[in-house]
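Biologist: Hello! I am new to this protein and would love a close look at its hollow spaces. Could you walk me through them once the structure is up?

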Amino acid sequence: MVETTSGQHESAVDQYVLEHSEPYFFSRYGRVEFIVFEQHLASLAWLHRKVGEAVDQETTALSTLRKSGEHRVPGWEAESDMVLDDSLSVLDTDTRQIGAGIIIVSAAAALEALMNEILCDPADRRVRKAGLARKAEVLAERWQGEGDLADFAEHISWLKVRRNAFAHRLIADDEDSKQCSWIFDDDMAEEALERLGLVAETLEEIWEQRLRPQGSDATHDDAVRQAPVS
């Protein structure tokens with residue numbers, strides 16, 4: 001049997017994808033729809049971290065190469081510098097922005113999928129085909145007075161507006177692009193995950209109260225976390 005050191009063990013544990021959701025959301029009641037959402041969030045958090053780390057490592061390596069001059073081809077020194085500088089610029093702008101945008105777009109999609117599970121009545125068929133904002137609006141109206149919805153609409157609006165802005169940025173002409181001053185970066189992706197988790201917490205609390213049998217004295221500590229359905 002091969003023995004591993006404590007450091008190796010910690011490194012391996014750090015790679016567990018499902019643990020990446022914990023800073024943002026942890027299903028308190030173990031209902032399948034929220035466990036599936038938690039898995040989606042864990043995947044997004046893992047991807048967010050890995051993309052950031054990869055870009056940082058690559059830019060560091062290219063910067064080191066730029067200082068050493070080892071990339072320069074004799075007779076084409078200026079051109080060699082230009083190609084390397086262009087690569088650095090793309091990594092620090094396009095790659096970071098696209099990475100953050102992917103997280104934001106996917107976060108909104110994961111939230112829509114969760115809401116569709118909650119909008120499970122036959123009469124909700126048309127709402128399930130609607131967009132994120134409409135789904136959230138219907139739930140907020142339906143749950144008025146049933147839970148803490150103070151920041152619910154603001155989080156939804158933040159995600160929707162930035163998701164749409166990113167999608168349009170990729171296809172917009174120069175004039176349209178100038179109208180959006182947001183920087184899609186690691187900080188924005190991190191905020192998206194945080195807001196996503198807060199919305200999910202609100203949804204889970206109200207949904208649990210609605211599903212819990214009347215007169216039940218179950219508490220959070222009594223809730224049993226169920227294994228996800230494979």
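To get my bearings, how many helices and how many strands are there in the protein? And after that, what lines the largest pocket and the largest cavity?

Modeller: Happy to help! Please keep in mind that this is a predicted model. The protein has 8 helices and 0 strands, so as a pattern along the sequence, it reads α-α-α-α-α-α-α-α. Of its 230 residues, 34% count as buried. Among contacts with a separation of 6 or more, 69% join residues that are 24 or more positions apart. On the outside, about 14000 Å² is exposed, and carbon and sulfur atoms supply 52% of that area.

Now to the open space you asked about. The largest pocket has a volume of about 200 Å³. It is lined by 15 residues, and the closest to its centre are Asp 148, Leu 149, Leu 198, Glu 201 and Thr 202. Two helices, H6 (152-171) and H8 (186-211), each supply at least two residues of this lining. H8 gives the most, with 7 residues. Sorted by class, the pocket lining holds 6 nonpolar, 4 polar and 5 charged residues.

Next comes the enclosed space. Searching the whole structure turns up 1 cavity of 30 Å³ or more. The largest cavity holds about 60 Å³ of space. Its lining is made of His 48, Val 51, Gly 52, Val 55, Thr 95, Arg 96, Gly 99, Ala 100, Ile 103, Asp 186 and Ala 189. Helix H2 (32-68), helix H3 (77-118) and H8 each contribute at least two of the cavity-lining residues, and H3 has the largest share, with 5 residues. By class, the lining of this cavity divides into 5 nonpolar, 4 polar and 2 charged residues. You will notice that H8 appears in both places: it supplies residues to the lining of the largest pocket and to the lining of the largest cavity.

It also helps to look at the packed parts of the protein. The largest nonpolar core has 42 residues, and Leu 111, Met 115 and Leu 203 touch the most other members. H2, H3, helix H5 (132-142), H6 and H8 each supply at least two residues of this core. Apart from it lies another core, of 5 residues, which includes Val 55, Leu 62, Leu 84 and Leu 91. Val 55 is a residue you have met already, in the lining of the largest cavity.

Leu 203 is a good place to zoom in. Leaving aside neighbours within four places in sequence, Leu 203 is in contact with Phe 34, Leu 111, Leu 114, Met 115, Ile 118, Leu 139, Trp 143 and Phe 152. Two of these partners, Leu 111 and Met 115, are named with Leu 203 among the core members that touch the most others.

One last stop is Ala 108, which sits in helix H3. Ala 108 counts as buried because its relative accessible area is 0%, and the cut-off for buried is under 20%. Not counting residues up to four places away in sequence, Ala 108 touches Leu 132 and Arg 163. The C-alpha atom of Ala 108 is separated by 9.7 Å from that of Arg 162, a residue 54 positions apart from Ala 108 along the chain.

Methods
Residues are numbered from 1 along each chain as its sequence is written. This is a predicted model: local features need pLDDT of at least 70, side-chain atom pairs count only at pLDDT 80 or more; totals for chains, interfaces and linings use all residues. Side-chain values use heavy atoms; hydrogens and water are left out. On a 1 Å grid over the protein atoms alone, a cavity is a set of points where a 1.4 Å probe fits but cannot get out, and a pocket is an open set with protein on both sides within 12 Å along at least five of seven lines; lining residues have an atom within 4 Å of a point. Grid points are joined across faces, edges and corners, and a volume is the space filled by probe spheres set on the points. Helices (H or I, at least four residues) and strands (E, at least two) are DSSP runs, numbered from the N terminus. Ala, Val, Leu, Ile, Met, Phe, Trp, Tyr, Cys and Pro count as nonpolar, Asp, Glu, Lys and Arg as charged, and the others, Gly among them, as polar. Buried means under 20% relative accessible area, exposed over 50%, partly exposed in between (1.4 Å probe, protein chains only). Contact means heavy atoms within 4.5 Å. Accessible areas come from the Shrake-Rupley method with a 1.4 Å probe; for residues, only the protein chains shown count as cover. A nonpolar core is a set of buried Ala, Val, Leu, Ile, Met, Phe, Trp, Tyr and Cys residues joined through side-chain atoms within 4.5 Å.
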